[in-house]
Amino acid sequence: MKYIDNRIAVVTGASSGIGKAIARKFVKSGIKVVLGARSADELAELKQELKDEEGEVVYRTCDMTNQEQVVGLIRAAEETFGGLHILVNNAGVMPLSYLKNRHLEEWEQMVDVNIKGVLKATYAALPYLKEQNSSHIINIASADGRTIYPGGAVYAATKAAIIKFSEGIRTELSPSHNIHVTCIDPGTVDTPLRENITDEELLEDNKDSWTEDEAKLLAEDIAECALFAISQPERVNLSEMIVKPTGKG
């Protein structure tokens, strides 16, 4: 198994949902973690929770559309813990909408966070990851990046881009710098992502299917996948994991 105790990770979008679950799982496994998200209050609360469990953790408030803040987040790993081994690109938004309803500002937000945010974090982290000659990038994409449904065109496009970008990182940097890359593509997960949807027509159309009885994964399920990926032997690169809730195709 890879030696993960005392490795250093940055997790974006760490204040809730999948990012929060990954941060918890990593810290409990002995990984030092830098938490990044926009909400300082939620990050401070999570930091205290993890420190109470004797974890080594710091946080930086970070808007993934702000290059300076992203660089500061990545730099915090070096300044606090002395390096960086694992980057988890998790931050994302999902304001689904029908194309006919023309939610341009929300479409651009998804591109800015879901694609450009990943590019910014990867750009900032690569010098540190290359130094290790044994590092790992976890990109949280979506099963939607491989399927399509009404209302999901732009979101699916951003996640498809991350799936292909993950392949590109692996192709270029795995042979020369031993950077492992895993793209995790979750299906429906019980997280707050849908709370950002403003398209009233789409919400009305889905009110009977988006219920408490809907088959969903837990954020902890995706955290288990991330830990499994980074725990593989050095010779193994687990390239992609498509994870769906039982009961959904």
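Contact here means that heavy atoms lie within 4.5 Å of each other, and this idea is needed whenever we ask what covers the buried residues of a helix. The model used in these exercises is a predicted one.

**Exercise 1. Describe helix α5: its length, its bend, and its surroundings.**

Step 1. Helix α5 covers residues 153–177, and its 25 residues reach 35 Å from the first C-alpha to the last, which is close to the 36 Å expected at 1.5 Å a residue.

Step 2. The helix nevertheless has a kink of about 30°, centred on Arg170. Arg170 also belongs to the buried residues of α5, among them Val154, Tyr155, Ile162, Ile163 and Leu173.

Step 3. The cover over these buried residues includes helix α4 (104–132) together with strands β5, β6 and β7. After α5 comes Asn178, whose phi is positive, near 55°.

**Exercise 2. Work out in which order the strands of the sheet are arranged, and which strands form its edges.**

Step 1. Seven strands form an open sheet, and reading across it gives the order β3-β2-β1-β4-β5-β6-β7, with parallel pairing.

Step 2. The edge strands are β3 (57–61) and β7, since each of them pairs on one side only. Neighbouring strands in this sheet are turned by 15° against each other on average, when direction is ignored.

Step 3. At the β7 edge, strand β6 (residues 179–186) and β7 pair in the parallel sense over four bridges. Within this pairing, Cys183 has Glu240 of β7 as its bridge partner, and Pro186 stands opposite Val243 in β7.

**Exercise 3. Decide which side chains of strand β7 are buried and which are not.**

Step 1. Begin with the general rule that in a regular strand the side chains alternate between the two faces of the sheet.

Step 2. Apply the rule to residues 240–243: Met241 and Val243 point to one face, whereas Glu240 and Ile242 point to the other.

Step 3. Met241 and Val243 are buried, while Glu240 and Ile242 are not.

**Exercise 4. Test whether helix α7 has the span expected for its twelve residues, and find what covers its buried residues.**

Step 1. Helix α7 runs over residues 219–230, and at 1.5 Å a residue it should span 16 Å.

Step 2. The end C-alpha atoms of α7 are 17 Å apart, which agrees with the expected value.

Step 3. The buried residues of α7 include Ala219, Ile222, Leu227 and Ile230, and their cover includes α1 (17–28), β4 (86–89), β5 (135–140), β6 and β7.

**Exercise 5. Compare two salt bridges by where their partners lie along the chain.**

Step 1. The structure holds eleven salt bridges. Side chains of opposite charge can pair when their charged atoms come close.

Step 2. Lys116 forms a salt bridge with Asp112, with the closest N and O atoms 3.6 Å apart. Because these two residues are four residues apart in helix α4, they are separated by about one helical turn. Lys116 counts as partly exposed at 39% relative accessibility, and Asp112 also counts as partly exposed, at 28%.

Step 3. Glu214 and Arg194 meet in another salt bridge, at 2.8 Å from N to O. This pair links distant parts of the chain, 20 residues apart, with Glu214 in the loop between α6 (200–205) and α7, and Arg194 in the loop between β6 and α6.

Step 4. Buried means under 20% relative accessible area, so Glu214 with 12% is buried, whereas Arg194 with 23% is partly exposed.

Key
Residues numbered from 1 in each chain as written. Predicted model: local features only at pLDDT ≥ 70, side-chain atom pairs only at ≥ 80, totals over all residues. Heavy atoms only, no water. Buried < 20%, exposed > 50% of the residue type's maximum accessible area, 1.4 Å probe, protein only. Pairing = 2+ DSSP bridges. Expected span 1.5 Å × (residues − 1). Bend = angle between axes of the 7 residues up to and from the residue. Axes fitted to C-alpha atoms, helices over the stretch in contact; angles between N-to-C directions. Salt bridge = Lys/Arg side-chain N within 4 Å of Asp/Glu carboxyl O.
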